[in-house]
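I opened this entry to keep track of what I looked up, one topic at a time.

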Amino acid sequence: MHASTQSSATPGPATPMMAQYHALKAQASDCLLFYRMGDFFELFFDDARTAAQVLDIALTSRGDGVPMCGVPAHSAEGYLARLIKAGCRVAIAEQTETPEQAKKRGGSKALVARDIVRFVTAGTLTEEALLEPRRANVLAAVCEVRGTIGLAAVDISTGRMELEECGPDRIGAALARLGASELVCPEGWDEAPLDAIGRPTRDFSSDSGEVRLRGVHGVATLDGFGQFSRAMLGAAGGLIAYLDHVGRGNLPLLLPPVVRDGAAHLAMDEATRASLEVLESSSGGRRGSLIDAVDRCVTGAGARQLAEDLSAPLTDIAAIEARLALVQWLHDDPLLRDDLRAVLRALPDVGRALGRVVAGRGSPRDLGQLRDGLSEARRLRDHLLRRADRPALLDELLPLLGGHGALVDLYARALVPAPPTERSQGGFIAEGYDHALDALRATAGNARRAIAALEAKYRDETGVAALKIRHNGVLGYFIEVPAKHADRLMAPDSGFTHRQTMAGAVRFNALALHEEASRIGEAGGHSLAAEEAHFEELVAAAVSQAEAIARTAAALARVDVAAGQAERAAESGWCRPELLEDPCLEITGGRHPVVEAALGAKGERFVANDCRLSQADRLWLVGGPNMGGKSTFLRQNALIVLLAQAGGFVPAEAAKLGLVDRLFSRVGASDNLARGRSTFMVEMVETAAILSQAGERSFVILDEVGRGTSTYDGLALAWAVAEAVHSNNRSRCLFATHYHELARLADTCEALSLHHVRAREWKGDLVLLHEVAEGPADRSYGLAVAKLAGVPAPVVARAKTVLEKLEKGRAETGGLAAGLGDLPLFAAALDAAEEKVDRLREKLEGLDIDSLSPREALDLLYELKRDAAT
């Protein structure tokens, strides 16, 4: 949802404050405006109505009837998180001067100046409270330059930025892989994805994109970062321009851009990712997804890296083997793995702490996290360097874990052991780092002790034991006594000056107290200013080393992923896959990681199955009853391919697989109401994508193609699709179906074999064995499954009667597939059709139409019609 851009209420009286509010609201566009008033952020008009509903807070009104609601400034992050999650965008309008400065500028009635300091949107969050620790928060930009799509993506919480390009037909797959929280594109672009935010077209100029990138990184040329196409630069320009807009001129951490080569990663379209539930289950959450079953990382950064690995598996055997070797090394040494994971578990999120510091939203605690994280990284490096037989990938990572000795030493001297999250009250600079600061603190401390002594002295002099010296933000320090004792301090010669009368107490001042309070205020003000100056110096030190710190954070994440993969493999007896260039798939005892985990939680056993595809047997036709495990079998083999090429062990006894370039899954479907597509339409769109894109190095799983339409149509489509995948695409494929008639394809398709999931009926009940066996399915057991599902017995009995009648008719007529055995093969049928068209074309091309008489033309038309019918 988005907040309304118009205020349905009539603006209240044109007070200076409301005039200022409306001017800021005009800049906020479609964002909710958080308008700072003292200790609260206030919202007015439709913004207030929207926020009150989303946040479930009271909607009130001003004296002039203007709707309003507010949230405390000190707890605004929690409210912002709920608004962002609900799809809102928020503009933050802060006071840019103090009330004192406003009075000095314009007199006692001057309005405090305010300005929008930041836009808070789903893709531009850096605050720890607003981010999910185990999920990347990606902002992406997309544009088209001369027929090529450019994409730029950044997680500003860590600064990682990637650029890529693709054809218009691949944009859906690319965006599905990125899973961006927010997407921007040029205004008015006809091909703009749903929910994209339109930005001025000029922002997406490739020339301005190059200028912006050079400016961000302070370089004269981008050649040192890689070769970027015009489409990539255009998307990068749009991305940086949007970040500049939402940050009001303050850019977050942006690391040098990395070019993503599409050919280096296993391609999966949006439908495949959804059906395999890679990062999100069909119910919409992480629970029940592949990553939920696999993730054993002990750091948020590791979990985010694992999600990236599963979203973009590799297609380079050397790179995959490098990851596998590190997993194997940690798998074979449980004691080392446990020690390593214990150290990693205690590490702060270095990457995100750095992101907040560079974006200007850092705290002393963030600097402390950098200190502790970098210190532990160096200790981890030293420990691992003492180990023998280290894998090559670890040797590449270890140098990245060090090199920060000077920064760590600086922070160790400058910061207290546990720095606070707020810096406004000071107290984060360690004693001994700045002797002048220590002296100011001593002065303030001595003054506080002097105030305590004054309190005791005043009690003795007045005889009022209840006398107290208190402090608040308005009056500063003051003396307070109960009202019944006030007369003693009211005497002209008492030395006390009356300040305020309360309901049950009276407040006074005294010269000695005023002097001590001045000393405290002066020393405190100077000490806060000194700490603020030190904070800026410490931030600058981190910013100057941002890229090196980011590399350390990435290396820690990669080590955590490998250790987590090793831990997961050890838990359930997963094996190291063997990767080959040949297009094969030989899996022994394969399991579905998500289903196995779910069954294990209930104390049940998963039935493992083998799968062996080769050039001579590349298409398995799998039959059997519903609930028998066909879909699970299809998915588990696709997931094993995905896990292997992501560089992890797989749930199997043994796995040997030829490298897959594209993975396709057409398993289950649902209506896509947003695009006006029925279930069957969605199924056909996904099937069309497979038939047009899959190749010999692809792996395809197809489940129940054609079931969404009439029986005859469905069988015809399933038959044609199976033939096309076998003869045209020549992909490795698992094809599950209920159409027994498709078994006849085994007679004409040499690389197709028949398999089924086993089931038996025992004393009237269906027993599902979940085993995959060779040969065609003998029957569907549909009525037995209906009985299991609780369909009333009379309905099942009636269905049995109808089934007997239908089967008798099929036996008499030859059934649905009567005559299909006489069909020519897919390619031959196409050739025949093409030959017929060619004969007609040749005859038409040989005609001299101008010389034909009307009678001859009519005779020729009849002749052509006869030829077309033969």
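**Strands and sheets**

I began with strand β19 (residues 585-590), which pairs with β20 in the antiparallel sense over 4 bridges. The model is predicted. I then looked for the partner of Leu585 and found Leu613 of β20 as its bridge partner.

I went along β20 (residues 609-613) to see where its side chains go, and they alternate. Asn609, Cys611 and Leu613 point to one face and are buried. Asp610 and Arg612 point to the other face and are not buried. Leu613 therefore appears twice in my notes, as a buried side chain, under the 20% cut-off, and as the bridge partner of Leu585.

Next I looked up an open sheet of 6 strands, and I wrote down its order as β11-β10-β7-β8-β9-β12. The pairing in this sheet is mixed. Its edge strands are β11 and β12 (258-259), and each of them pairs on one side only. As a reminder to myself, strands of a sheet pair through backbone hydrogen bonds, either parallel or antiparallel. At the β12 end, I noted that β9 (residues 160-166) and β12 run parallel and are joined by 2 bridges. Leu163 stands opposite Val259 in β12.

**Backbone angles**

I looked for positive phi values outside glycine and logged two residues. Asp195 has a phi near 70°. I placed Asp195 in the loop between β10 (182-186) and β11 (197-199). With 75% relative accessibility, Asp195 counts as exposed, because that value is over the 50% cut-off.

The other entry is Arg730, where phi is about 60° and the residue is not a glycine. Arg730 sits in the loop between α24 (711-729) and β25 (732-736). Its relative accessibility is 30%, so I list Arg730 as partly exposed.

**Salt bridges**

How many salt bridges does the count come to? I get 51.

I checked Asp295 and Arg134, whose side chains meet in a salt bridge at 2.9 Å, N to O. Asp295 lies in the loop between α9 (290-294) and α10 (300-311), and Arg134 in the loop between β6 (114-120) and β7 (139-145), so this pair ties together parts 161 residues apart in sequence. Is Asp295 buried or exposed? Asp295 is buried, with a relative accessible area of 10%. Arg134 is partly exposed at 30% relative accessibility.

I then checked Arg576 and Glu321, which form a salt bridge with the closest N and O atoms 2.8 Å apart. This pair also links distant parts of the chain: Arg576 is in the loop between α20 (546-572) and β18 (578-580), Glu321 is in helix α11 (residues 317-331), and they are 255 residues apart. Arg576 is partly exposed, with a relative accessible area of 32%. Glu321 is partly exposed as well, with a relative accessible area of 23%.

For a pair within one helix I took Lys457 and Glu461, which meet in a salt bridge at 3.8 Å, N to O. Both lie in helix α17 (residues 435-462), 4 residues apart, or about one turn of the helix. Lys457 counts as partly exposed at 42% relative accessibility, and Glu461 counts as exposed at 52%.

I also recorded a network of salt bridges that links Glu128, Arg356, Arg365 and Asp366.

**Aromatic rings**

I found 8 aromatic pairs in the structure. One of them is Tyr21 with Phe45, a tilted pair at 6.1 Å centre to centre, with 40° between the planes. Tyr21 is in helix α1 (residues 16-28) and Phe45 in helix α2 (residues 45-55), so the pair ties together parts that are 24 residues apart in sequence. Tyr21 and Phe45 are both buried.

I also looked up Tyr458 and Phe496, an edge-to-face pair at 5.1 Å centre to centre, with 75° between the planes. Tyr458 lies in helix α17 and Phe496 in strand β16 (residues 496-501), so this pair ties together parts 38 residues apart in sequence. Both Tyr458 and Phe496 are buried.

Which residues form one aromatic cluster? I have Tyr21, Tyr35, Phe44 and Phe45.

My last entry concerns Arg36, whose charged end sits over the ring of Phe41, 5.2 Å from the ring centre.

Key
Residues are numbered from 1 along each chain as its sequence is written. This is a predicted model: local features need pLDDT of at least 70, side-chain atom pairs count only at pLDDT 80 or more; totals for chains, interfaces and linings use all residues. Side-chain values use heavy atoms; hydrogens and water are left out. Buried means under 20% relative accessible area, exposed over 50%, partly exposed in between (1.4 Å probe, protein chains only). Two strands pair if DSSP finds at least two bridges between them. A salt bridge is a side-chain nitrogen of Lys or Arg within 4 Å of a carboxyl oxygen of Asp or Glu. Rings of Phe, Tyr and Trp (its six-membered ring) pair if their centres lie within 6.5 Å; planes under 30 degrees apart count as stacked, over 60 as edge-to-face and the rest as tilted. A charge sits over a ring if NZ of Lys or CZ of Arg is within 6 Å of the ring centre and within 35 degrees of the ring normal.
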